[in-house]
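I opened this model to look up its strands, its core and a few backbone details, and I kept notes as I went.

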Amino acid sequence: MPMFTRFRTSLAVLAASGLSACVFVHATDSSSGDSKHAHGSGLRASARIEARSGSTLAGSATFTEQKGGVLVEVTVSNAPPGWHAVHVHEKGDCSAADGSSAGTHFNPAGHKHGSPHASEHHAGDLGNMWVDEKGNGHHVLLMPALAVADGPNSVRGRAIIVHAAADDLVTDPTGNAGGRIGCGVIQ
Ligand code: CU
Ligand code: ZN
């Protein structure tokens, strides 16, 4: 029940704060002339998150296109308790033992790093996920600047990364979030 309440609250806040970015995304989509690719299509992508950098973390992520953007849901278990940065990184390559093969934060608009709730941030900046004392974490947010459909903002073919430390939500371009303890290719 608390999870449901928090979920509803974050959606309401994001819906209010994300309107300008949402308009931009829709303008971009409409230029393709392909109505299938509009938001609200329910198009979905997912990733299985695997341990990196010697961690024991396991998890998954889903990305669902809906009105106002892409609903991102990340779930992890066996992770170190505390706050952990979560980002979409530009390359869908988790082959490196330290996750470095996934490259930098997904940033199709050429923005500076920041909080997903700030006026400027990378499209892939998903903020911080809380992991409880049992090692379980769940992170849900609506991202107006992401897409699942093919195009410059699409998450498909990219990677989701969970970091060892919290994102300070300011330091450009990394958020000073430490190593990469989880990685999953989004498909
Ligand atoms: Cu990252
Ligand atoms: Zn970033």
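The entries below go from the whole chain to single residues.

**Entry 1: confidence.** I noted before anything else that this is a predicted model, with a mean pLDDT of 85 for the protein and 79% of its residues at 70 or more. I then looked for the weak part and found that pLDDT stays under 50 over residues 1-37, a stretch for which the model has 33 contacts beyond four places in sequence. Where pLDDT is low, the predicted coordinates should not be read in detail. I therefore leave the contacts of residues 1-37 without further comment, given that pLDDT there is under 50.

**Entry 2: elements.** I counted 2 helices and 8 strands in the protein, and read their order from the N terminus as α-α-β-β-β-β-β-β-β-β. Of the 187 residues, 41% are buried. I also checked how far apart in sequence the contacting residues lie: among contacts between residues at least 6 apart, 62% join residues at least 24 apart.

**Entry 3: strand S1 and its partners.** Which strands does S1 pair with? I found that S1 (residues 44-51) runs antiparallel to S2 (residues 58-66), with 6 bridges between them, and that Arg48 stands opposite Ser60 in S2. S1 also runs antiparallel to S8 (residues 180-185), here with 2 bridges, and Glu50 has Cys183 in S8 as its bridge partner. S1 and S2 make a hairpin in which 6 residues lie between the strands.

**Entry 4: Gly182 in S8.** I followed S8 further by way of Gly182, which has its place in that strand. Is Gly182 buried or exposed? Gly182 counts as buried because 31 C-beta neighbours lie inside 10 Å. From C-alpha to C-alpha, Gly182 and Ala51 are 4.6 Å apart in space, although 131 residues separate them in sequence. Beyond four places in sequence, the contacts of Gly182 include Ile49, Glu50, Ala51 and Arg52, and also Val76, Ile161 and Val162.

**Entry 5: strands S4 and S5.** I looked up a further pairing and found S4 and S5 joined in the antiparallel sense over 5 bridges, with His87 opposite Asp125 in S5. S5 is mostly covered, since 6 of its 7 residues are buried.

**Entry 6: the nonpolar core.** Which residues have the most contacts inside the largest nonpolar core? I read them as Val70, Val72 and Ile160, in a core of 41 residues. The elements that each give two or more residues to this core are S1, S2, S3 (69-77), S4 (82-89), S5 (125-131), S6 (137-143), S7 (159-163) and S8. The largest share comes from S3, with 5 residues. In soluble globular proteins, nonpolar side chains tend to be buried together. I listed the contacts of Ile160 beyond its neighbours within four places in sequence, and they are Ala47, Ile49, Ala61, Val74, Val86, Val88, Gly184 and Ile186.

**Entry 7: backbone details in the loops.** Most residues other than glycine have a negative phi, and most peptide bonds are trans. I therefore set apart the residues with a positive phi and the cis bond, as departures from what most residues and peptide bonds show.

- Ser53, in the loop between S1 and S2, has a positive phi near 55°; this residue counts as partly exposed because it has 18 C-beta neighbours inside 10 Å.
- Asn78, in the loop between S3 and S4, also has a positive phi near 55°; this residue counts as partly exposed because it has 15 C-beta neighbours inside 10 Å.
- The peptide bond from Asp172 to Pro173 is cis, with omega near 10°, and Pro173 lies in the loop between S7 and S8.

**Entry 8: Ala96 and Ser53.** Where is Ala96 found? I placed Ala96 in the loop between S4 and S5, where it counts as partly exposed because 13 C-beta neighbours lie inside 10 Å. Ala96 and Ser53 are 43 residues apart in sequence, and their C-alpha atoms are 9.0 Å apart in space.

How values were computed
Residues numbered from 1 in each chain as written. Chains lettered and ligands numbered in written order. Predicted model: local features only at pLDDT ≥ 70, side-chain atom pairs only at ≥ 80, totals over all residues. Pairing = 2+ DSSP bridges. Helix = DSSP H or I, 4+ residues; strand = E, 2+ residues; numbered from the N terminus. Buried ≥ 20, exposed ≤ 12 C-beta atoms within 10 Å, placed from the backbone. Contact = placed C-beta atoms within 7 Å. Core = buried A, V, L, I, M, F, W, Y, C linked by C-beta atoms within 7 Å. pLDDT = per-residue confidence, 0-100.
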